[in-house]
Amino acid sequence: MKSRRNILIVAAALLALAVFAPFSSSYVLTLITHALVFAILAMSLDLLLGFTGLPSLGQAAFLGVGAYLTAILASDYGFGLGWSFWAVILLGMLLGAATAALFGLFAIRATGVYFLMITLALGMCVWGLAYRWNSVTGGDNGINLPPRPEFGISLANDVTFFYVVFGFFLLTLATLYVIVRSPFGRTLEGIRERELRMRILGYNTWLHKYLAYVIAGAFGGLAGVLWAQMNGLVSPEDVILTTSVDALLMVVLGGPGTLIGGAIGALVVTFLRDYLSTVVHWWQYVLGAVYVLTILYLPGGLIGIPARVRDWRARSGGRGPMNAESVFHSQEGKP
Amino acid sequence: MDTQFWLIQAFNGISYGALLFLLASGLSLIFGVMRIVNLAHGSYFLLGGYVALSVIWSTGSWVLALPVAALVIAGVGLAMERFFLRPLGFDPLRQVLLTVGFAFLFQQAALDTWGGDPLNIDPPEALTGSTVLGGVYFPIYRIFMISLAVVMGLLLWLAMEKTRLGAMVRAAVDDSEMARGVGIDTSRVSMFIFALGAFLAALGGAIGGAFFGVYPGLDFEILPLAFAVVIIGGMGSLAGAAAGSLIVGLADNFGKALFPEVSYFTLYAPMVLILALKPTGLFGRD
Amino acid sequence: MKGKLTTSFGRALTAGCVALGMGVAAAPASAAEELRIGFLAPLTGPFAQIGKDMANGFQLYLDEAGNNFAGAKVTFILEDGEGKPPVNVRKAEKLTRQDKVHMFIGGLLASTGYALAPVSTRQKTVYVASIPAADDLTQRDSAKYPYMVRTGWTSSQPSHPFGQWACEQGYKKIVTVAADYAFGYEVVGGFQKAFEDCGGKIIQKMWPPLGTKDFGPFIPQIKKDADAILTLMVGPMALQFPKQLANAGNKKPVIGGGTSYDEYVLPSMGDEVIGHVSALQYSAAIDTPKNAAFVKKYRSKYGKVPSYYSESNYTTAQMIHEVMKKTGGKWPGAEKFIKMMSEIRIDAPRGPVRLDEMRNPVQNIYIKKVEKRKLHGYPQDELWNTVIKTYPAVGQFWKYGKADFLKQPVYSRDYPPCKYCE
């Protein structure tokens, strides 16, 4: 999926981001940081949706457990405010993975739209707990975090925090890239294409899907930890259905099965939600329209545009073959 | 907790379930025939309420508002199916995602048309107040909700079991390839079912407007409930939708009354369990 | 191939530059003669109507002052918080970082107040909490928020005298039905403390979740031997609960927290609420020339009677103006502004207002009863919250004394404990 040239393009763009971002206005920097955190969540979802063919509508649940863990440790136990921040990162990932391990037992038996529904239900369970379990989660007040950690460097500094988040983003991207290029990742793609065939070939497809789900949960938890520190507040509103839908949107918009597509989608959606919304009041038309048009005409997402243009040119007017479309066509929707 | 308590709570749960039936039966049918999970279903519910309000504002008639709102939204559903979902071909996942995009568009359109204020649909004088039976007060509007849901349920069942169109729908649900093989125009059936689903949801919204109110955000708030019904009851089954709405209505009601701290959990946890044990739901088939 | 490389890379770079350019270009400098005020209110969602009341109240004062506070030109930036804490935080960040506001005002729910206060500390920007009533913002947590000043009320502020009043009416056993969040806990808590200190008993507490529209699960549980029902409803709940209560055949007297019958929702209510009593620092029916003028002006401009949400923000604008008068229209800096705000005394539509040492208002509390009558010269019979008793100069600690009050925990679901609940 990624040729040498594509990797260079991506690397260059990321480098440009790293160099120029701190010079942008304070608000734009927070938006970019925001987008990067969401990008981690989107990429974890891409592993499920784009590579394994599992459409999850409950990814916000893992963000939630990571975020709430961070908030509870920080405000109730004063833990995670210094070097222990790194421990919290690890714990957040572990909790995300553990939650996915639990949820996966219920969810992985389903495929297609049934998987969609059950992950939605699981996401709602987490929301319900966050909203009503007052003694632990603070109910709808949420939990306010103490100021960001300091360990030699102060994360309270926006530029520093941006680089830390950027670092985790790169780490996630690299790790997931290695995973999807490995035999394990290839198997996932095979499952996405035709699970029956993989099973006949002797692969334990359940186990592969389950592991993918757990890995996605771990990175979702990571996103959650960073999310909590970024906002300084964790609230049940962070884990509502719309968050999971947004994550799905980001992957589909950017281009499923490409990893970096999720990041592009995250950038676009964050920009629309948090910036365009303050400039014009009809921003949701743009969001909805971009989404609908992408589904209809760009199955490969925004990142598929160059390829589409190339193919269109090559065929001088005709429609070329599409990339990353197979993720959708292979779904039969059977449980 | 005397018998009066249980009686009233059961009655309340059933009336809530009646509203959910209207909302969820359409979702269930759409899935049964087209294998699409319509994430814009909550939007149909909300838009039904809004259109009903517009009708009431311009004509003053609540009785007229209900069918008009339902038909208008049925038209919207029809258009959505015909012009956007059909071109995607049989691609359930992409179709589902498309409905999400529409949900956002509908949300913005509703905001621009009716504003951001929460609104109420006032039922006619005759339906307000309560009757008293054996010392227990039964609000008349709730009785109306239950009656309407029962009537609609019966009509739907009759249509499905006794009419030719219903037979075609059932054939398409059971095995769409086979249905096409015997000459049933499944794309026509799909269009009809989608419009019917939207009709029912909008009707639910117009009725629920007196109950929940009509306001931005209601679409995404009501959607998980519709899912709960369809998941528990079984997708594609009318009996399932009825059973599911009853269960969800009662569970939600009793959950809030008896275990308020975990009331949302008592709703979604059984959903997960049922999905885990029987992914197609209680009455679902596959 | 090279063409493709440049195009893709070029596109990425362009997008990046555009984004940064927008960010850089959009950040304005803050001029000394310009007062930039950010305002956060829910403009969409279940509380949209309240949000509008809030903004309108503030805007009315701005219009009266010609957008000019003693020489400083006021720039008013309104943002939609949607009633959700994370959205409010993000918008507040945008107001402080991008628009470089001198202060941000508003927020509606207690949860929003708790979310916005830390932003003021983080950004070292003034936050004027004109509505969020969460007690601890100016009590046990006030040290955390040196840049925050409150011009509205604390949730329990009217409840204390109200509890005493209820006891004096002869009520002995009361059932409470209140929205299940901090605001609800604190309104009920304050009432319970004063009511039980006087000899009354709270025999049952129910907590329908915030946003409940269907009170079916709750109403039948109300204990039969209660003398009265205390309700605390917010937003659309306030409209639904009395209707459903009446439909269920309730005959008991109903009293409520201030938001249950506030003028934001009163015009939509029916005869089922006549006779219901509540307590708040404002009623549109306050019969003073200043309030009558305010109500008439607000009504002719916006087509509805002002609610406490409108009045609170109107008065907030007035207080800010008074401070600017003292500085000759120059922004004195955040710390000085807070200090000067704390020393202001004004005569508002709600009566005399000054701030205590924790930067919370000391003001009249009105016990008000819903009546259908003509008022303020309007020809038609309407529902008004007629004032039946006034408790002057009530602070957030009532008669308990600050030190003693702060020793007890904040009012919560379980505090004060329900000793008489069966």
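These are my notebook entries on the disulfides, a sheet and the chain interfaces of a predicted model.

**Entry 1. Disulfides**

I searched the whole structure for disulfides and found two over all chains. I then took the bonded cysteines of chain C in sequence order and noted the pairing as 1-2, 3-4.

I looked first at the link between Cys167(C) and Cys198(C), where the S to S distance is 1.8 Å. The torsion about this S-S bond is about -75°, so I recorded the disulfide as left-handed. I placed Cys167(C) in helix H5 (residues 159-168) of chain C, and Cys198(C) in the loop between helix H6 (182-197) and strand S8 (201-206) of that chain; the pair therefore ties together parts that are 31 residues apart in sequence.

I also checked the accessibility of both partners. Cys167(C) has a relative accessible area of 14% and is buried because the cut-off for that class is under 20%. Cys198(C), at 36%, is partly exposed.

I turned next to Cys418(C) and Cys421(C), whose sulfur atoms are 1.6 Å apart in a disulfide. With 65° about the S-S bond, I entered this link as right-handed. Cys418(C) is partly exposed at a relative accessible area of 24%, and Cys421(C) is likewise partly exposed, at 29%.

I looked up one cysteine in chain A as well: Cys125(A) is buried, its relative accessible area being 8%.

**Entry 2. A sheet in chain C**

I traced an open sheet of six strands in chain C and wrote its order as S2-S3-S1-S4-S5-S6, with mixed pairing. Its edges are strand S2 (68-69) and strand S6 (148-150), each of which pairs on one side only.

Within this sheet I examined strand S1 (residues 34-41) and strand S4 (residues 103-106) of chain C, which pair in the parallel sense over four bridges. I noted Ile37(C) opposite Met103(C), the latter in S4(C).

I then asked which strands helix H2 of chain C lies across. Helix H2 (residues 48-64) lies across S1, S2, strand S3 (72-80) and S4 of chain C. Relative to S1(C), the helix runs at about 160°.

**Entry 3. Chain A with chain C**

I counted 39 residues of chain A in contact with 39 residues of chain C. The two chains bury about 3,200 Å² between them, and 60% of this lies on carbon and sulfur atoms. On the chain A side, the residues that lose the most area to chain C are Tyr27(A), Asp140(A) and Asn141(A), together 17% of what that side buries.

I looked for salt bridges here and the count between chain A and chain C is three. One that I inspected joins the side chains of Arg97(C) and Asp158(A), with 2.5 Å from N to O.

**Entry 4. Chain B with chain A**

How many residues of chain B are in contact with chain A? I recorded 45 residues of chain B, in contact with 47 residues of chain A. The buried area is about 4,200 Å², of which carbon and sulfur atoms give 77%. In chain B, Leu93(B), Arg94(B) and Phe104(B) lose the most area to chain A, together 17% of what that side buries.

I applied the salt-bridge rule across the interface of chain B and chain A, and the result was zero salt bridges.

How values were computed
Residues numbered from 1 in each chain as written. Chains lettered and ligands numbered in written order. Predicted model: local features only at pLDDT ≥ 70, side-chain atom pairs only at ≥ 80, totals over all residues. Heavy atoms only, no water. Disulfide = S-S within 2.5 Å. Helix = DSSP H or I, 4+ residues; strand = E, 2+ residues; numbered from the N terminus. Buried < 20%, exposed > 50% of the residue type's maximum accessible area, 1.4 Å probe, protein only. Pairing = 2+ DSSP bridges. Contact = heavy atoms within 4.5 Å. Axes fitted to C-alpha atoms, helices over the stretch in contact; angles between N-to-C directions. Buried area = accessible area lost by both parts, 1.4 Å probe. Salt bridge = Lys/Arg side-chain N within 4 Å of Asp/Glu carboxyl O.
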